[in-house]
Amino acid sequence: MKSRTKVAVIGGGIAGCSTLYHLTQEGWSDVVLIERDELTSGTTWHSAAQVTNFGMNQTMVGLKSHSIALYKKLCDDPEYPVGYHHGDGGIRLANTEAQMQGYRHFSSMARGMGVEFEVIHAEECARRHPLISTENLVGGLWDGEDGDIDPAQLCQALAFHARKAGAEVYRHTAVTTLTQNSDDTWTVETTKGTIDADIVVNACGYRVNEVGAMMGVHHPVASMEHQYFVTEDIPAIIEAGHRMPLLRCPISDYYSRQEKNGLLVGFYEQGCKTWGMNGISPSFANDLCPDDLDRVMDVLEGAFARMPALTEVGIKRVVNGPITYTIDGAPLVGPIPGKRNAFCIIGLRAGVGEGGGHGWLLAQQIVHGEACYDTWCLDPRRFTGHANAELTSLKAIEDYQNEFRFHFPHEHRPAGRPAKTTPLTPILAAEGAEFTIVNGWERVDYIKPTPNFHPILTFDFDEAFDVVAAEVRNVQENVGLCEVNGFNRFEITGTDRHSFLDRMFCGNVTKKEGRVGLGYLLNHRGMVKGEATVANLPASDRGPARTWYGSAAASEFHDMDWLQQHLRDDEDVRISSLTNDQTILVLAGPNARAVVSKCARGDWSADAFPWLSVRECFVGFAPATVMGVSFSGELAYEIHIPNASLYAAYLALREAGKEFDMQLFGARAVDSMRMEKGFLHWKADLLTEFDPFETGLDRFVKLDKADFVGRDALMKRQANAPSKKLVSLQIDATKAPAHPGGSLMDGDKVVGTITSGDWGHRTGLNLAYAFVDTKHSAIGRSMELDLCGDLVKATVIAPCPYDPDFDRIRS
């Protein structure tokens with residue numbers, strides 16, 4: 001066993017083997033894999049091993065496409081071939097038009113990644129899969145690339161090729177201790193010796209938190225028992241003369257694929273069961289849980305009704321083994337929060353099918369710092385302090401019960417709620433608030449007109465359209481109040497704070513006391529990493545001279561890691577988080593100044609407190625920090641309040657607003673208004689796949705600055721003309737908004753992808769943002785949007801169609 005290596009990958013299932021292989025493909029050969037037992041001895045060996053292109057976003061589709069291409073390559077490799085049934089095809093069934101509409105959207109989204117799905121009717125489903133009944137069936141989504149693979153052969157092949165490239169694999173070697181050294185390298189102690197590693201990777205499947213505990217972290221991953229059985233031979237399969245397509249059924253919560261001349265049938269029962277919550281036996285390897293078919297009888301009855309042939313054959317064997325889930329069902333692939341040189345590839349509930357792509361993206365992150373796709377949907381830092389074992393298990397159960405049911409727009413499932421609240425949450429609920437979820441926070445979506453108001457789930461505009469329109473109208477014409485909880489807020493102190501921030505941002509950052517600025521952070525490739533406001537507060541009885549750094553609620557762990565990683569030893573800079581200590585109340589509208597003047601002492605005139613100012617004060621008697629910033633495009637104030645005083649500040653503002661009939665508004669109104677102003681959302685429109693010039697942030701970039709993170713890479717990128725540009729679009733449709741991932745077409749060619757879409761209630765426009773080919777980016781250029789199967793006209797318009805001169809914000 002080596003005494004030193006560049007990367008130590010811990011875990012020998014699909015996650016670890018794929019990571020090891022792809023590290024060598026990225027040019028790193030000094031890498032090792034450490035496995036406590038045999039390769040694939042965890043979940044991988046008993047996987048149903050289905051390999052599909054279907055994903056909930058383009059990153060997932062892209063990594064699955066990579067898996068399929070890789071598995072085809074390995075299958076055809078004469079040196080170490082892998083058993084892979086590629087191209088059997090697969091159908092996801094639907095029994096409602098709403099599900100079919102969703103499939104049409106996913107088909108549009110996948111087309112942008114070079115993947116063609118087909119939406120087919122019930123009779124065509126039965127023609128392609130002759131074992132199914134069309135009773136209670138509307139249609140389905142066809143994936144012609146669907147198939148299944150031998151999981152053990154796959155992992156052995158990946159390990160074989162990694163070894164050929166110089167990697168080493170240590171089997172029957174358990175990791176016992178992980179220690180991080182002062183230089184951020186790791187000492188890995190095992191049952192067969194000690195190895196020092198620059199970087200460690202947790203790829204430990206259902207034992208993820210055993211290794212996590214060695215690092216002092218907990219990962220939001222829980223295991224569920226999952227059962228499938230394999231039938232005896234089915235005559236209809238033998239007679240068909242071709243392999244049966246795979247089947248996934250959200251109607252009856254089961255799946256099936258061909259296994260020899262029978263079927264493998266798996267179940268996602270409602271009465272499901274977590275596994276390993278109280279620890280896992282050290283001897284559990286290549287093992288299964290006891291069979292429990294009684295638990296799946298309700299699902300089995302649905303499978304019998306859909307596939308009557310199942311009632312006529314016996315069962316050869318039953319498999320019941322653990323599979324892993326995260327809070328939102330998507331894996332955790334990337335940097336471990338709060339740790340240096342530590343990564344994970346865990347929570348892969350469909351690990352074998354998509355593991356090739358996950359290992360590919362992780363290896364790119366380890367070697368290059370970023371992957372070719374924006375990987376936020378997989379980033380372990382997307383969950384923060386609320387992600388404990390109990391919450392994870394509740395969400396794992398819910399995801400398991402809804403395995404084949406995709407999320408509709410504005411759908412927020414009930415398990416694990418409320419995870420994060422403020423003192424105002426029950427107050428706002430009593431006011432009729434409907435809540436959305438932002439990084440676990442319960443945030444007001446809109447105010448319901450009646451207690452029993454429940455819009456249907458749809459990809460069209462829903463019944464809340466008019467409710468949101470009224471909230472926007474009130475903000476435009478009068479004044480509204482909105483709680484924005486969970487907003488990420490760091491307090492930065494020290495004599496070098498301004499020079500540090502100047503190095504982190506690609507543009508000029510205000511150093512003036514009492515002023516607020518907006519800026520963008522780049523990664524080392526010169527691509528957009530983050531967006532933040534910077535507010536400089538003078539010394540006062542509340543603290544020394546300091547700078548507040550504010551960014552998206554979801555970025556709490558992400559941004560702290562990024563800033564901490566770039567602190568220099570000789571810099572006098574300290575960063576502390578106020579994210580969970582303070583909440584923002586947004587006061588917006590032409591009467592906002594009058595309201596704040598009635599409850600906070602001081603001169604709030606445009607001359608005394610202009611746009612982009614910051615001031616400490618009291619709202620009533622509640623201490624507050626007020627910023628003159630606006631995400632709505634109207635005159636607005638962000639009022640930052642310590643949570644202990646939040647209710648008092650709220651009461652003072654409500655009392656001051658009575659004279660003006662001030663109304664509450666929510667996140668949907670904000671999203672509509674920000675679209676009209678050309679304001680962008682982090683990880684919707686601001687992505688690591690594009691640089692600031694492609695994203696239309698030219699005015700925020702100062703290449704003549706001596707130094708900032710990503711400057712050299714951005715300078716090199718300027719030698720080549722950009723291939724994509726972010727544009728604003730007017731969509732010629734009134735029934736539905738554009739949805740993220742939707743494909744923009746010029747004839748039969750995809751020329752762009754939607755990032756955000758919403759109705760602009762002040763402009764009366766159906767608006768969207770999209771990255772498009774540069775030759776389609778000129779104002780006035782038209783193309784067609786595949787909007788859930790309908791081709792509608794999309795025209796490039798000037799950004800900020802509402803008050804483009806910003807007169808209302810400055811008023």
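**Domains, helix packing and sheets in the predicted model**

The UniProt record, in an unreviewed entry, places the feature "domain: FAD dependent oxidoreductase central" at residues 368–421. In the model examined here, which is a predicted one, this span is 26% helix and 0% strand, and its end C-alpha atoms lie 38 Å apart. Two further domain features come from the same kind of annotation. UniProt assigns "domain: FAD dependent oxidoreductase" (unreviewed entry) to residues 6–364, and "domain: Aminomethyltransferase C-terminal" (unreviewed entry) to residues 724–803. Residues 6–364 are 29% helix and 29% strand, with end C-alpha atoms 15 Å apart. For residues 724–803 the figures are 0% helix and 59% strand, and the end C-alpha atoms are 27 Å apart.

We may turn next to the helices, beginning with helix H1. This helix covers residues 14–25, and its axis comes within 8 Å of that of helix H9 (residues 351–368), the two crossing at roughly 45°. H1 is therefore oblique to H9, and the crossing is right-handed. On the H1 side the contact is made by Ile-14, Ser-18, Thr-19, His-22 and Leu-23, while H9 contributes residues including Gly-351, Gly-355, Gly-356, Gly-359, Trp-360 and Ile-366. Sorted by class, this contact holds 8 nonpolar and 7 polar residues, and no charged ones.

H1 also packs against helix H5 (residues 151–164); here too the axes come within 8 Å, and they cross at roughly 30°. Because of this angle, H1 counts as roughly parallel to H5. The crossing of H1 and H5 is left-handed. Ile-14, Cys-17, Ser-18, Leu-20, Tyr-21 and Thr-24 of H1 meet Leu-154, Cys-155, Leu-158, His-161 and Ala-162 of H5. The class count for the H1 and H5 contact is 8 nonpolar, 3 polar and no charged residues. Ile-14 and Ser-18 of H1 thus appear in the contact with H9 and again in the contact with H5.

H9 has a further neighbour in helix H2 (residues 58–75), whose axis comes within 7 Å of the H9 axis and crosses it at roughly 105°. The two helices are therefore roughly perpendicular to each other. H2 brings Thr-59, Met-60, Gly-62, Leu-63, Lys-64, His-66, Ser-67, Leu-70 and Tyr-71 to this contact, and among the H9 residues that take part are Val-352, Glu-354, Gly-355, Gly-356, His-358 and Trp-360. The residues of the H2 and H9 contact divide into 7 nonpolar, 9 polar and 2 charged. Gly-355, Gly-356 and Trp-360 of H9 take part in the contact with H1 and are found in the contact with H2 as well.

The strands offer some helpful landmarks too. An open sheet of 3 strands follows the order E3-E8-E4, with antiparallel pairing. Strands E3 (50–51) and E4 (84–85) each have a single partner strand and stand at the edges, so one side of each lacks a neighbour in the sheet. E4 is joined to strand E8 (residues 147–149) by 2 bridges in the antiparallel sense. In this pairing His-85 stands opposite Asp-148 of E8.

Further along the chain, strand E19 (residues 332–335) and strand E20 (residues 342–346) run antiparallel and are joined by 4 bridges. Leu-332 has Ile-346 of E20 as its bridge partner. The hairpin of E19 and E20 has 6 residues between the strands, and within the hairpin Gly-338 takes a positive phi near 75°.

A sheet of 6 strands completes this survey. This sheet is open, its order is E30-E31-E32-E29-E23-E33, and its pairing is mixed. Strand E30 (614–619) and strand E33 (663–664) form the edges, each pairing on one side only. Inside the sheet, strand E29 (residues 582–588) pairs with strand E32 (residues 636–642) in the antiparallel sense over 7 bridges. Here Leu-587 has Tyr-637 of E32 as its bridge partner. Helix H15 (residues 592–599) lies across E29, E30 and E32 and runs at about 130° to E29.

Technical notes:
Residues numbered from 1 in each chain as written. Predicted model: local features only at pLDDT ≥ 70, side-chain atom pairs only at ≥ 80, totals over all residues. Heavy atoms only, no water. Pairing = 2+ DSSP bridges. UniProt positions renumbered as here; feature names shortened; annotations may be inferred. Axes fitted to C-alpha atoms, helices over the stretch in contact; angles between N-to-C directions. Parallel < 35°, antiparallel > 145°, perpendicular 65-115°, else oblique. Left-handed = near helix turned anticlockwise from the far one by under 90°. Contact = heavy atoms within 4.5 Å. Nonpolar A, V, L, I, M, F, W, Y, C, P; charged D, E, K, R; others polar.
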